[in-house]
Amino acid sequence: MGQREVDRFLRDRLSSDLHRLTGGLAGERDPAQPLLTYLGGSARVELSATTTANWVAKTANLLHDGYAGPDRVGLLLPLHWQTVCLLLGGVAAGATVVVARSPDELAGCPVAFVSVVHGEGALDAGVEDVLVCSMTPWATRAAELPPMVLDAAAELPGYGDHYSGQGGGDIELARAAFVAEPLALDNTDRVLTSLDPGSPAGLSAIVGTLAAGAALVLLASGDRQAAMTSEGVTAWFDE
């Protein structure tokens, strides 16, 4: 096998990695191309499909090795690239990912990822292991931690960039199984959303875009028109 064939083999294997990890929830995509772009004020963070797959694998490994593969994993986070990676990581680990809108909806989840302000609320809801996320642009460690919770930014990096599982998890929203409607997109599209991922429309935008193999532009704050122009957006979701 010549070098060109080797390069093509490696590229094809990587392009299907996220697709395999999530059981097809994320469509196939060139691994080197941007998949997630986060915009928050003056901050811009971009993750390729390969980097996204690495974070998904770290999340799945943490859940599998660190928490014995919980059957339900809570998620109470705002729009952020890490929110997407944790969602996909829970699915990759074979869990039902409970996308919550308030801490009480995390009841029944042994593990949950939440923003710092919801750390104590998650514990009050009965979550045994609460990991808080700072939601800074680069997902750095939280400045202060509520008592009895862990910092996701301290826990995730130590886990492996590869995971041998093949998805099989589900998503739940508002105490019901969630299935996104198919979207007329492909892997050439760049889709902007500023919607809350805890809302039906916001979660549909994320999951539907990923399933089509398109790239996501997550506008946490800032001017939408300017973001659409600078990021080459081809489709967008709003209220």
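How many of the seven residues of strand β1, residues 34–40, are buried? Seven of its seven residues are, so that the strand is mostly covered, where buried means under 20% relative accessible area, exposed means over 50%, and partly exposed lies in between, with a 1.4 Å probe and protein chains only.

Before I go on, a word on what we are looking at. This is a predicted model, in which local features need pLDDT of at least 70 and side-chain atom pairs count only at pLDDT 80 or more, while totals for chains, interfaces and linings use all residues. Residues are numbered from 1 along each chain as its sequence is written, and side-chain values use heavy atoms, with hydrogens and water left out.

Let me take the whole chain, which has eight helices and twelve strands; these are DSSP runs numbered from the N terminus, helices being H or I with at least four residues and strands being E with at least two. For 239 residues a compact globule would have a radius of gyration near 18 Å, and the chain agrees with that at 17 Å, the radius being taken over C-alpha atoms and the rule being 2.2 Å times the number of residues to the power 0.38. Buried residues make up 51% of the 239. Of the contacts between residues at least 6 apart in sequence, 69% join residues at least 24 apart, a contact meaning heavy atoms within 4.5 Å.

Now back to β1 and its partners, bearing in mind that two strands pair if DSSP finds at least two bridges between them. With strand β2, residues 43–48, β1 pairs in the antiparallel sense over six bridges, and there Thr37 has Glu46 as its bridge partner. The hairpin of these two strands has two residues between them, and in it Gly41 takes a positive phi near 65°. With strand β11, residues 215–221, β1 pairs in the parallel sense over five bridges, and Tyr38 is matched there with Leu218.

A second covered strand is β3, residues 72–76, in which four of the five residues are buried. β3 pairs with strand β4, residues 96–99, in the parallel sense over four bridges, and the bridge partner of Arg72 in β4 is Thr96.

I would next like to show you Ser115, in strand β5, residues 111–115, which counts as buried because its relative accessible area is 11%. Leaving aside residues up to four places away in sequence, Ser115 touches Leu76, Leu77, Pro78, Val132, Cys133 and Met135.

That last residue, Met135, sits in the loop between β6, residues 129–133, and β7, residues 150–151, and has a positive phi near 65° although it is a residue other than glycine. Met148 is found in the loop between β6 and β7, and has a positive phi of about 75° without being a glycine. Are these two methionines buried or exposed? Met135 is buried, at 15% relative accessible area, whereas Met148 is exposed, at 74%.

Finally, Tyr163 lies in the loop between α6, residues 152–155, and β8, residues 170–173, and counts as buried because its relative accessibility is 11%. Apart from residues up to four places away in sequence, its contacts are Arg20, Leu21, Ala57, Ala60, Asn61, His64, Ala92 and Ala93. By contrast, the C-alpha atoms of Tyr163 and Asp223, 60 residues apart along the chain, are separated by 37 Å.
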